[in-house]
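Work through the exercises below with the structure open beside the text. Try each task before reading its solution.

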Amino acid sequence: MVRFMMILSFVLLGVLPSLADTLQVETMADAVKTIESLQAENELLQIRSNVNFLSSVIILSVVMIFFMWGIRERNRKHVMLLERKSNALMKANNEAEEAREYAERESKLKSVFLKNLSHEIRTPLNQIYGFAQLLDDDNTPLNEEEKKIMMKAICDSSAHLTRIVNNAGEVTEKLSELTKLENVESVLKESLSS
């Protein structure tokens with residue numbers, strides 16, 4: 001039996017190292033599989049991390065693009081508003097300048113009109129006044145014929161003065177109507193251009 005035990009121990013000594021080697025190889029294979037599995041998971045995690053980073057960058061870029069677009073649109077609207085206000089201001093300035101020029105022309109025309117009217121009125125008034133003084137003066141020797149001539153001149157000058165005043169009234173009235181017509185035309189132009 002001792003022999004048997006010895007043979008068995010030799011066999012076991014011979015088999016055990018090969019069995020241990022086999023176990024070691026299997027353990028090593030399992031370890032290699034585990035390492036490969038961990039490396040694959042690590043690579044997958046790195047890919048996911050890269051994808052998450054790229055997604056974040058893309059989302060941030062899209063948000064920035066919309067933000068910049070919004071700022072650009074707001075600035076464009078402000079520029080358009082400023083252009084409209086500038087155009088309106090230029091139009092108002094032009095209209096004010098035209099109104100000033102028109103008022104100056106009207107003022108000059110009125111001054112010329114009043115100067116001419118004053119001259120036209122003064123002439124018959126001087127005749128009326130002069131002849132009336134002569135008729136009123138007791139020291140001036142006048143016969144009936146001369147008095148009639150002077151009275152006729154006073155009547156003619158009075159009629160002429162009346163015509164001048166009537167004409168001046170008509171001219172003023174017509175100027176007033178022209179001004180009203182110009183106002184109507186400007187209102188029509190404004191309503192048509194709007």
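The exercises go from the whole chain to single residues and then to charged pairs.

This is a predicted model, in which local features need pLDDT of at least 70, side-chain atom pairs count only at pLDDT 80 or more, and totals for chains, interfaces and linings use all residues. Residues are numbered from 1 along each chain as its sequence is written, and side-chain values use heavy atoms, with hydrogens and water left out.

**Exercise 1. The whole chain**

Task: State how many helices and strands the protein chain has, and what percentage of its residues count as buried.

Solution:
- Step 1. The protein chain has two helices and zero strands. Helices (H or I, at least four residues) and strands (E, at least two) are DSSP runs, numbered from the N terminus.
- Step 2. Helix H1 covers residues 2-136, and helix H2 covers residues 144-193.
- Step 3. Of the 194 residues, 6% count as buried. Buried means under 20% relative accessible area, exposed over 50%, and partly exposed in between (1.4 Å probe, protein chains only).

**Exercise 2. Between the two helices**

Task: Find which residues Ser157 touches, and decide whether Ser157 is buried or exposed.

Solution:
- Step 1. Ser157 is found in helix H2.
- Step 2. Leaving aside residues up to four places away in sequence, Ser157 touches Pro124, Gln127 and Ile128. A contact means heavy atoms within 4.5 Å.
- Step 3. The side chains of Ser157 and Gln127 make a polar contact at 2.4 Å. Such a contact is a pair of N or O atoms within 3.5 Å; within protein, one must be able to donate a hydrogen and the other to accept it, and residues adjacent in sequence count only if both atoms are side-chain atoms.
- Step 4. Ser157 is buried because its relative accessible area is 3%.

Task: Give the C-alpha separation of Leu135 and Glu146.

Solution:
- Step 1. Leu135 belongs to helix H1, whereas Glu146 belongs to helix H2.
- Step 2. Along the chain the two are eleven residues apart, and their C-alpha atoms are separated by 9.6 Å.
- Step 3. Leu135, at 26% relative accessible area, is partly exposed, and so is Glu146, at 35%.
- Step 4. Among the residues that Leu135 touches are Leu142, Met150 and Ile154.

**Exercise 3. Salt bridges**

Task: State how many salt bridges a search of the whole structure finds, then describe the pair Arg76 and Glu73.

Solution:
- Step 1. The search finds four salt bridges. A salt bridge is a side-chain nitrogen of Lys or Arg within 4 Å of a carboxyl oxygen of Asp or Glu. Side chains of opposite charge can pair when their charged atoms come close.
- Step 2. One of them joins the side chains of Arg76 and Glu73, at 2.8 Å from N to O.
- Step 3. Arg76 and Glu73 are separated by about one helical turn because they are three residues apart in helix H1.
- Step 4. Arg76 is partly exposed at 40% relative accessibility, while Glu73 is buried at 18%.

Task: Identify which residues are joined into one network by salt bridges that share partners.

Solution:
- Step 1. Glu97 forms a salt bridge with Arg100, with the closest N and O atoms 2.3 Å apart.
- Step 2. The side chain of Arg100 also meets that of Glu104 in a salt bridge, at 2.4 Å.
- Step 3. Sharing partners in this way, Glu97, Arg100 and Glu104 form one network.
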